[in-house]
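Colleague: I have a model on my screen and a list of terms I would like to understand. Could you walk me through them?

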Amino acid sequence: DLALTRPLSRSRYLASHVAVLVPGTAVLALAYAAGTVVADRIFDPPGGQLQISRMVLGAGQAWLLFVAIGALALLVSALTSERGRALGITVGIVLAMYVGNFLFALWSPLEGLTRVTLFRYFTPGPTIQFGDVAWGDSAVLALFSIVAMTAAFAVFIRRDLTR
């Protein structure tokens, strides 16, 4: 909050958050993949060993999901004035999407509603098992991220600091 009182452009301020979000989530996704491969090698569960290349592709899908959730958080933060409120709203939305994705898939009349959740487009299972990447789903996550970040910039640049 104090940084916004300084002579720093709002777009540069928000861009610094994006500059941390994008590579930071990539590191997190790669750590997930590396940890899974290491655990697979140490504990040697039944079945074949995980292929590192497929895990990297799965990590790429996880990265897109993480960036999409981060972009949603940036947009919610730009729309609200309090950090706690932004966090609560974002966690509520992500939790509702996660639970909704699971519950909507259980009842066929509501199954179409899974399309409004980000988790519907995160499908690493076939990628890790067979190397099949759902490029369309990955594109949806990337497009959502771009749209949400663009909207966050548009809103934040015009936001009144007093609200």
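Modeller: Gladly! Bear in mind that this is a predicted model. A good place to start is α1, where Tyr-13, Leu-14, Val-18, Leu-21, Thr-25, Ala-29, Ala-33, Val-37 and Asp-40 are buried.

Colleague: What makes those residues of α1 count as buried?

Modeller: The cut-off is a relative accessible area under 20%. The nine names I read out, from Tyr-13 to Asp-40, are classed as buried in α1. What covers them includes α2 and α5.

Colleague: What is the spacing expected for residues that point the same way in an α-helix?

Modeller: An α-helix has 3.6 residues a turn, so residues three or four places apart point the same way.

Colleague: How do you know that the length of α1 is close to what is expected?

Modeller: α1 has 34 residues, and the expected span takes 1.5 Å a residue, giving 50 Å. From its first C-alpha to its last, α1 reaches 49 Å, which is close to that value. Just after α1, Asp-44 has a positive phi of about 45°.

Colleague: How are α1 and α2 packed, in angle and distance?

Modeller: Helix α1 (residues 10-43) and helix α2 (residues 52-79) pack at an angle of about 145°, and their axes are 8 Å apart. The crossing of α1 past α2 is right-handed. In the contact of α1 with α2 there are 20 nonpolar residues, 5 polar and 1 charged.

Colleague: What makes a group of residues a nonpolar core?

Modeller: Its members are buried nonpolar residues joined through side-chain atoms within 4.5 Å. The largest such core has 13 residues, and Leu-14, Leu-74, Met-149, Ala-152 and Phe-156 are those with the most contacts inside it. At least two residues come from each of α1, α2 and α5 (135-158), with α2 giving the largest share, 5 residues.

Colleague: Which residues does Ala-152 contact, leaving aside its sequence neighbours?

Modeller: Beyond four places in sequence, Ala-152 is in contact with Leu-14, Leu-74, Leu-75 and Ala-78. There is also a second, separate core of 12 residues, including Leu-65, Ala-68, Leu-72 and Tyr-121.

Colleague: Why is Gly-131 called partly exposed?

Modeller: Because its relative accessible area is 30%, and partly exposed covers what lies between the 20% cut-off for buried and the 50% cut-off for exposed. Gly-131 sits in the loop between α4 (124-130) and α5. Apart from residues up to four places away in sequence, Gly-131 touches Arg-54 and Pro-126.

Key
Residues are numbered from 1 along each chain as its sequence is written. This is a predicted model: local features need pLDDT of at least 70, side-chain atom pairs count only at pLDDT 80 or more; totals for chains, interfaces and linings use all residues. Side-chain values use heavy atoms; hydrogens and water are left out. Axes are lines fitted to C-alpha atoms, for helices over the stretch in contact, and angles run from 0 to 180 degrees between N-to-C directions. Helices (H or I, at least four residues) and strands (E, at least two) are DSSP runs, numbered from the N terminus. A crossing is left-handed if the near helix is turned anticlockwise from the far one by less than a right angle, and right-handed if clockwise. Ala, Val, Leu, Ile, Met, Phe, Trp, Tyr, Cys and Pro count as nonpolar, Asp, Glu, Lys and Arg as charged, and the others, Gly among them, as polar. Buried means under 20% relative accessible area, exposed over 50%, partly exposed in between (1.4 Å probe, protein chains only). Contact means heavy atoms within 4.5 Å. The expected span of a helix is 1.5 Å times one less than its number of residues.
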